[in-house]
Amino acid sequence: MSNDLTQHIDYELLTDLYELTMAQGFWQCGKQNEQACFTMYFRENPFSGGYTVACGMAQLADVIESFRFTPDDIEYLSSLPAPAGGALFDAGFLEYLADMRLTVDVDAVAEGTIVFPNEPLVRVTGSIMECQILETALLNCVNFQSLIATKAARVCVAAGSPVAEFGLRRAQGTGGVWASRAAVVGGCASTSNLLAGKLFHIPVSGTHAHSWVMSFPSELEAFRAWAAHFPHNCVLLIDTYDVAQGLENAITVGLEMRERGEALLGVRIDSGDLAWLAKRCRARLDEVGLNDCGIILSNDLDEHTIASIRAQGAIVSGWGVGTKLATAFDQPTLGGVYKLSATREAPDMPWVDHLKVSESVTKLTFPGVLDVRRYYHDDGKLAGDMVFEENQPVNDEERIIDPADELRQKKLAGKRFETLLRPLSRAGNVVLADTLRDALAAQTRAREGLAQLDESQKRMLNPHSYPVGLESGLFYRRRDLAVHLRGLD
């Protein structure tokens, strides 16, 4: 069942205009019932990294469940003028939209799955018009949330201790709600975002800001008041005025709490030289016997800053990461694409491969009805991924070929494998299991997937590339089709 946020979004109009002008063109040409297969994938891992965490499929399920053109939608579309005069949309086509219900089949990788360039994340089959109409909303969901989930995974791998996401104030509008969920999928222990917590059943966390301290006559009084009212959630922010004095005031309160049978959970530092301050605070807390009081750091953190702080020997029990996580600060988009890969005249007819041939070899698309096989070594580590055409036999050697370099090949025969695409909808009805819509289950999936990567594939700088290739028969069919379309055969 869709969440409450769905009712506030007209997903059918969360699209680019050309999706509907093309849909009208298909309708006017009598092609609206022609069958098509579209595949969504991306070409490069974000953040110059070695992996991506898939996310956004739960919202895509919401899109499909709630997709329906309302009378208000139709009225708005009917008001749009064509550039050369007259109405942009045909009245008969708008009547068709008003009665249209999605009948597409959607298959997707489960949220939290570790994925790589050039392999399908989502496959949509059905009428070409419906497949086309879904493009923009699908890409909006999966591109953004996969980007945030990947950033979160990188931050959490670097942190080594719990990370709280609190970037809503800096996020791009209400997209911050889905960003918070994606951050948890990627590994964050909690979010400050209460709406995300309510809608997606994810943990929330938070204590106080500098304004709490500033509203009292003294810092010590502010800390004592907080401890009195929140004895089971007492983390004190110690850098409002001076960290050294703030720490001493926190120690006073922490020792008073101990006398009452309570505990100061931690102190947070939000400015200054975080590594140096954390080390000094840890030493002082241990000196007075508050060994169980943790140190939490925040202030424009990302995976690189966190890795540097830890490399300097700081012992940190938790991290607050906001702006650079919720906004994917150093890369604005994943860049996933959605390409037509096959068509057929009717459901009982054979598929015909389609290929976009570009001046750039990196933009040569992949033909057919595609899926992914993931192979495993005997120790459970990932061995390689094969993109294959599900209506064609796989070669006996189960050989994969890098789509950009025929000389890079790998045999995978004999290894255990699983296919990655799972049903999300059938005939327009969402069949995504509840466990596949659960953010915390997706978080577990991401954590387990990261553990299956080699450490060299997770490093921040120049990660080792994971082997992904086309099944050899698909590779050569693609090459032959490109030659034919270029008129070189």
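## Surroundings of Gln32

Leaving out neighbours within four places in sequence, Gln32 is in contact with Phe26, Trp27, Tyr96, Ser127, Ile128 and Met129. The model is a predicted one. Gln32 sits in the loop that connects helix 1 to strand 1 (35-41). With a relative accessible area of 15%, Gln32 counts as buried, because the limit for a buried residue is under 20%.

Two of the residues that Gln32 touches, Trp27 and Tyr96, also take part in the packing of helix 1 on helix 4.

## Helix 1 against helix 4

Two packed helices are described by the angle between their axes and the distance between the axes. For helix 1 (residues 17-28) and helix 4 (residues 91-99), the axes come within 10 Å and cross at roughly 105°. Helix 1 is therefore roughly perpendicular to helix 4.

Helix 1 contributes Leu20, Ala23, Gln24 and Trp27 to the contact, and these meet Gly92, Phe93 and Tyr96 of helix 4. By type, the residues of this contact are five nonpolar and two polar, with no charged residue.

## The N-terminal annotation

An unreviewed UniProt entry places the feature "domain: Nicotinate phosphoribosyltransferase N-terminal" at residues 13-143. Over residues 13-143 the chain is 42% helix and 16% strand. The C-alpha atoms at the two ends of residues 13-143 are 18 Å apart.

## The parallel sheet

Strands of a sheet pair through backbone hydrogen bonds, either parallel or antiparallel. One open sheet has six strands in the order 7-6-11-10-9-8, and its pairing is parallel. Strand 7 (190-191) and strand 8 (235-237) are the edge strands, each with a single partner strand, so one side of each has no neighbour in the sheet.

Strand 6 (residues 163-165) and strand 7 run parallel and are joined by two bridges. Glu165 has Thr191 in strand 7 as its bridge partner. Helix 11 (residues 274-287) lies across strand 9 (266-269) and strand 10 (294-297), and runs at about 165° to strand 10.

## The C-terminal annotation and the mixed sheet

For residues 372-475, UniProt lists "domain: Nicotinate phosphoribosyltransferase C-terminal", again from an unreviewed entry. This span is 16% helix and 38% strand, and its end C-alpha atoms lie 14 Å apart.

A six-stranded open sheet with mixed pairing follows the order 17-16-21-15-14-18. Its edges are strand 17 (405-411) and strand 18 (416-419); each has a single partner strand, so one side of each is left without a neighbour in the sheet. From one strand to the next, the twist averages 35°. Strand 14 (residues 370-376) and strand 18 run antiparallel, with four bridges between them. Tyr376 stands opposite Arg416 of strand 18. Helix 15 (residues 472-485) packs on this sheet and touches strand 14, strand 15 (382-389), strand 16 (399-402), strand 17 and strand 21 (468-471). The direction of helix 15 makes about 75° with that of strand 21.

## The protein overall

The protein contains 15 helices and 21 strands. Taken along the principal axes, its C-alpha atoms fill a box of roughly 80 × 55 × 40 Å.

Of the 489 residues in the protein, 53% are buried. Among contacts with a separation of 6 or more, 73% are between residues 24 or more positions apart.

Conventions:
Residues are numbered from 1 along each chain as its sequence is written. This is a predicted model: local features need pLDDT of at least 70, side-chain atom pairs count only at pLDDT 80 or more; totals for chains, interfaces and linings use all residues. Side-chain values use heavy atoms; hydrogens and water are left out. Axes are lines fitted to C-alpha atoms, for helices over the stretch in contact, and angles run from 0 to 180 degrees between N-to-C directions. Angles under 35 degrees count as roughly parallel, over 145 as roughly antiparallel, 65 to 115 as roughly perpendicular and the rest as oblique. Contact means heavy atoms within 4.5 Å. Ala, Val, Leu, Ile, Met, Phe, Trp, Tyr, Cys and Pro count as nonpolar, Asp, Glu, Lys and Arg as charged, and the others, Gly among them, as polar. UniProt positions are given in the numbering used here, feature names are shortened, and annotations may be inferred rather than shown by experiment. Two strands pair if DSSP finds at least two bridges between them. Buried means under 20% relative accessible area, exposed over 50%, partly exposed in between (1.4 Å probe, protein chains only).
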